[in-house]
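Good morning, everyone, and thank you for making time for this short talk. I would like to walk through one structure slowly, beginning at its surface and then moving inward.

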Amino acid sequence: MTLKNPYWLRSGFLNVIQNFSGVIFGFGSFFFLVRILDKHSFGAWTLFMSTITIFEVIRTGLIQSALIKYIAASDADEHPGIISASAVISACLTCACILANTLLAPVLASLWETPELVFLFYIYNIAFLLTGILNLLNCIEQAHLKFRGTFLSATVRSGLFFFVTTGCFLFKVPVTLLQLVYIQIAGITLACFLAWIPVREHITFVFSISRDWLGKLLKFGKYAFGTSVSSILSGTIDQMMLGAMLSPAASGAFNIAVRITNLIDIPTNAMATIVFPQSAKRMETDGEGAIKYLFEKSVGTVLAILLPGLLFLYLFSDLVIYLIAGEKYSDTIPLLHVTLLYCLLIPYGRQFGTVISSIGKPKISFQIVLITAITNLVLNYFFIRTFGLMGAAYATLASNIIGFILAQRILSRDLKVSVRQTLVYMYTFYPEFYSRYVVPVTRKLIQQTSK
C-alpha cells in the first residue's frame, strides 16, 4: 500500500472525489431543502429517504460484496456465470423490495402521521428497478479495479438533484415531495447509462444459470447482506424512532447533525471502497500479514484526515449550525457535539467489516453489526423516553462504543491488529505528508520564483 502504486493513487483520487462530490451535492441539496420545506415536510422527507435507503441496502447487500470478491479473485472465463447468477439474485430481491415497499407504505405513513408519503413510496418503485441495474453495473466495474463509471454515475445522480433544488431556492419555485421523487428517478436513469458505458465490454451473460455460483454468492452474501441491513438499521433507527415517538420534526433535527458529520466521513467511504477488492487479492497472495497492514494503515490515514475537521466542527458547532440550517434548528447543536464523538470510531468499524469480509469471514462482521444494531434499538427506546431528542444521540454513541470494543478484540485475536499501531500511523501521516508533498512543492515554487 505505497503511494507510488498507481492503483492507490488513481483509485484513491476517483473515490475521494466521488465521495466528496456525493456528500457535497447531498449536503448542498439538504442546505436548500431545509430552507424550501417547513420543519414537518423536511422531517417527512428524512423519514421517507431513511426507509428507501434501508430497502436499497437490503437489495444490494446480498450480492455486492460477493460479486466484487469472486470476480476480483477468479479467472475471466468464470465471470459470465458469476454476473448472470448475481443478476438473477438482484432481480428477485428487487421484486421483493417493491412488494414490501408497497405493503408497508400505508403502515409507515400512518405511524408517522404523514399520509402524503404513501404515494411517494408507490412512485419510488420505478427507481427500485433502475437502481437494481445501476448497482450491478457499479459492482462489475469495481471488481475490475476501475471506478470511473461509478464516479460519473454517482456524481450525475446526486448532482442533478442538487442543481434542481438549488434552482428552486434561488428562483423561489415551490417544490413538493412528489416532485423531488421524480427528480431522483431522472437522475438514476441518466446514471444507469453512464455506468453502462465503461463496463459494457465486461458484461457477458449465460442462459444457463449456474447453481454452483448461485450457492456461492448466497452463502457468502447472506452474511454481508445481514451486515449491511444491520448497519443501515443502526444508522437510521434513531431517526425513525424519533419520528414515531416524538415527531417528524424531531427526526429532521437529528438528521441535520448526521448530515454535518457525513461531510467528514468522505475519506472513510473512499478507503473502504479501495481496500475491499485489493484486500481480497492480497489475502490470496500475501496472507494475513498484508491484511493487518492494510487495516492499520488505512484506519490511521483516515483518522489523520478526519481529526482537523472534527476539531473545527466541535469548536464552532453553533456557527456551523446557524450557517447551514438557520436559527430554527438551534436544538441540533448539542446533538452535533455527541455525534462528532462517535465519528472517531467509524473508520474502525467500516474497515473491520471490509477486512473481515475480504478474508472470507463475513459471518463475524454480521454478528458484530447485528449486536450493535440491536443495542442501538434497545437503547434508543429507553433513552428517547428518558432524554427526549438527545437520547437518540446518547444511544448511538453507546452502541458504537460497544461495537468498537467487540470488533477490535476479534481483529486482535485473528489478525494481531493493534489499535495503538493505527494511532502511530495517524501521527506519522502528518510528517510524511509534509516531507513528501509540502516540501517538494515549496521548493519548486521557490525555484520558479528565483528564476
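Let me begin with the nonpolar patch, whose largest share, four residues, comes from helix α12. The patch as a whole covers about 940 Å² and is made by Leu311, Phe312, Tyr314, Leu315, Phe316, Leu319, Tyr322, Leu323 and Leu341. The elements that give two or more residues to this patch are α12 (288–315) and α13 (317–325). As one member, take Leu315, which has its place in helix α12 and is exposed, with a relative accessible area of 62%.

I should say at once that this is a predicted model, in which local features need pLDDT of at least 70 and side-chain atom pairs count only at pLDDT 80 or more, while totals for chains, interfaces and linings use all residues. Residues are numbered from 1 along each chain as its sequence is written, and side-chain values use heavy atoms, with hydrogens and water left out.

Some of the words I have used need their cut-offs. Helices (H or I, at least four residues) and strands (E, at least two) are DSSP runs numbered from the N terminus. Buried means under 20% relative accessible area, exposed means over 50%, and partly exposed is in between, with a 1.4 Å probe and protein chains only. A patch takes residues with over 30% relative accessible area and no salt bridge, joining like charges within 9 Å and nonpolar side chains (Val, Leu, Ile, Met, Phe, Trp, Tyr) within 5 Å.

Now for the chain as a whole. Its secondary structure comes to 18 helices and zero strands, and of its 451 residues, 53% count as buried. The chain exposes about 20,300 Å², of which carbon and sulfur atoms supply 68%; these accessible areas come from the Shrake-Rupley method with a 1.4 Å probe, and for residues only the protein chains shown count as cover. If we turn to contacts, meaning heavy atoms within 4.5 Å, residues 24 or more positions apart account for 83% of those with a separation of 6 or more.

Moving inward, which residues touch the most other members of the largest nonpolar core? In this core of 99 residues, they are Trp45, Phe48, Leu117, Phe254 and Ile260. Helix α2 (residues 39–61) gives the core its largest share, eleven residues. Here a nonpolar core is a set of buried Ala, Val, Leu, Ile, Met, Phe, Trp, Tyr and Cys residues joined through side-chain atoms within 4.5 Å. Leu117, leaving aside its neighbours within four places in sequence, is in contact with Ala44, Phe48, Ala109, Trp112 and Leu177. Apart from this core lies another, of 19 residues, among them Leu294, Phe295, Ile410 and Leu411.

Two further places show burial. Helix α3 (residues 64–73) is largely enclosed by the rest of the structure, because seven of its ten residues are buried; these are Ala66, Leu67, Ile68, Lys69, Tyr70, Ile71 and Ala72. Ser251, in helix α10 (residues 248–262), counts as buried at 0% relative accessibility, and beyond residues up to four places away in sequence it touches Thr46, Leu47, Gln239, Leu242 and Gly243.

Next, the charged pairs. A search of the whole structure finds five salt bridges, each being a side-chain nitrogen of Lys or Arg within 4 Å of a carboxyl oxygen of Asp or Glu. In helix α2, Glu56 and Arg59 are three residues apart, and therefore separated by about one helical turn; their side chains meet at 2.5 Å, N to O, and both residues are buried. In helix α12, Glu296 and Lys292 meet at 2.9 Å, N to O, with Glu296 buried at 2% relative accessibility and Lys292 partly exposed at 25%. The side chains of Glu432 and Lys297 also meet in a salt bridge, at 3.5 Å, N to O. Because Glu432 lies in helix α18 (residues 419–450) and Lys297 in helix α12, this pair ties together parts that are 135 residues apart in sequence.

Finally, how many disulfides are there? With a disulfide taken as a pair of cysteine sulfur atoms within 2.5 Å, the count comes to zero. For Cys97, the closest cysteine sulfur, in Cys95, is 9.5 Å away, so the two are too far apart for a bond.
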